[in-house]
Amino acid sequence: MALAPGAARPLLGVAAADLAGRTVALAELPGRVARRLVDGGRGLAPDEGADHLARVLPERPSRAEAERAGLLRAGVAALSVRPGLPPARVTDVARELAVSERQLRNLFTDGVGVSPRHFARIDRVRHVLTHAPTSPWGELAAASGYYDQSHMTADFRTLMGVPPRSYFTGRLPSATPCRAARAARG
């Protein structure tokens, strides 16, 4: 299940960092909403699920939660690959949001599950994954915010365990574990 940045703590009672790279049963989570989802969801027919969610999910976050979520969304947008714009640096994003780099890191760790720098790396690799079938490697590297194609290849290999060309041609080594899950944890 994918949650919006900042939604884990209000809904599930834990920081996103505590969930990153893991599968956790909803019943194991400490949040009040998580317990209500589990308790009221037992025995429901599939067509009753949406009504149950509407009853259980909180209508409005607190003002503090809403402000944190707004800051986090702005940080996520600024650090994401944007067509025609150079990638934002964490220092610049923190300055734009009027928070310290430490506050931004804490905000990302709590709300997304990874640091802002790691989020930006993952987002660039996602951009490569999305656009590789239709773009030349050099252009794709520049559009994704890399210095050059070799930087893109090294980053891709670090996160995905293989270089991009091997990934897209299906030449994956069977004994190589996927590094993306390990990299997402730390």
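This report walks through a predicted model of a single chain, from its overall make-up to a few helices, residues and a pocket.

## The overall picture

Let's start with the basics. The chain has 11 helices and 0 strands, so if you follow the elements from the N terminus on, you read α eleven times: α-α-α-α-α-α-α-α-α-α-α. There are 186 residues in the chain, and buried residues make up 33% of them.

How much of the contact in this chain links residues far along the sequence? Take the contacts with a separation of 6 or more: residues 24 or more positions apart account for 43% of them.

## Helix 6 and what covers it

Helix 6 covers residues 101–111. Which of its residues are buried? They are L104, L107, F108, D110 and G111. A handy rule helps when you look at a list like that: an α-helix has 3.6 residues a turn, so residues three or four places apart point the same way. The cover over the buried residues of helix 6 includes helix 1, helix 4, helix 5 (90–97) and helix 7.

Now look at what sits on either side of helix 6 in the sequence. The loop between helix 5 and helix 6 holds A98, which has a positive phi of about 60 degrees although it is not a glycine. With a relative accessible area of 69%, A98 is exposed, because the cut-off for that is over 50%. After helix 6 comes G113, and its phi is positive too, near 105 degrees.

## Helix 7 and its two partners

Before we go on, here is how people talk about packing: two packed helices are described by the angle between their axes and the distance between the axes. Helix 7 (residues 116–131) gives us two cases to try this on.

Take helix 6 as the first partner. Its axis and the axis of helix 7 come within 8 Å and cross at roughly 60 degrees, which means that helix 6 is oblique to helix 7. On the helix 6 side you'll find E101, L104, R105 and F108, and they meet P116, R117 and F119 in helix 7. Sorted by class, this contact has 4 nonpolar, no polar and 3 charged residues. L104 and F108 also belong to the buried residues of helix 6.

The other partner is helix 9 (residues 149–160). The axes of helix 7 and helix 9 come within 10 Å and cross at roughly 105 degrees, so the two are roughly perpendicular to each other. Helix 7 brings H118, R121, I122, R124, V125, V128 and L129 to the contact, while helix 9 brings M152, D155, F156, T158, L159 and M160. The classes here are 8 nonpolar, 2 polar and 3 charged residues.

## Three residues to find

Is H127, in helix 7, buried or exposed? H127 has a relative accessible area of 16%, so it counts as buried, the cut-off being under 20%. Leaving out residues up to four places away in sequence, H127 touches V81, L140, A143 and S144.

S80 is in the loop between helix 4 and helix 5. At 16% relative accessibility, S80 counts as buried. What does S80 contact beyond its neighbours within four places in sequence? The partners are F119 and D123. S80 and D123 are 43 residues apart in sequence, yet their C-alpha atoms are 5.9 Å apart in space.

G138 is found in helix 8 (residues 137–143). With a relative accessible area of 39%, G138 is partly exposed. From G138 to M152 you count 14 residues in sequence and 9.0 Å in space, C-alpha to C-alpha. M152 is one of the helix 9 residues in the contact with helix 7.

## The second largest pocket

The second largest pocket has a volume of about 480 Å³. Its lining is made of 25 residues, and those nearest its centre are G6, A7, P10, P61 and E65. Which elements give two or more residues to this lining? They are helix 1 (8–12), helix 2 (32–41), helix 4 (63–79) and helix 6 (101–111). Helix 4 gives the most, with 6 residues.

As for chemistry, the lining of the second largest pocket has 13 nonpolar, 4 polar and 8 charged residues. Helix 4 and helix 6 both turn up in this lining, and helix 4 is also among the elements that cover the buried residues of helix 6.

Technical notes. Residues are numbered from 1 along each chain as its sequence is written. This is a predicted model: local features need pLDDT of at least 70, side-chain atom pairs count only at pLDDT 80 or more; totals for chains, interfaces and linings use all residues. Side-chain values use heavy atoms; hydrogens and water are left out. On a 1 Å grid over the protein atoms alone, a cavity is a set of points where a 1.4 Å probe fits but cannot get out, and a pocket is an open set with protein on both sides within 12 Å along at least five of seven lines; lining residues have an atom within 4 Å of a point. Grid points are joined across faces, edges and corners, and a volume is the space filled by probe spheres set on the points. Helices (H or I, at least four residues) and strands (E, at least two) are DSSP runs, numbered from the N terminus. Ala, Val, Leu, Ile, Met, Phe, Trp, Tyr, Cys and Pro count as nonpolar, Asp, Glu, Lys and Arg as charged, and the others, Gly among them, as polar. Axes are lines fitted to C-alpha atoms, for helices over the stretch in contact, and angles run from 0 to 180 degrees between N-to-C directions. Angles under 35 degrees count as roughly parallel, over 145 as roughly antiparallel, 65 to 115 as roughly perpendicular and the rest as oblique. Contact means heavy atoms within 4.5 Å. Buried means under 20% relative accessible area, exposed over 50%, partly exposed in between (1.4 Å probe, protein chains only).
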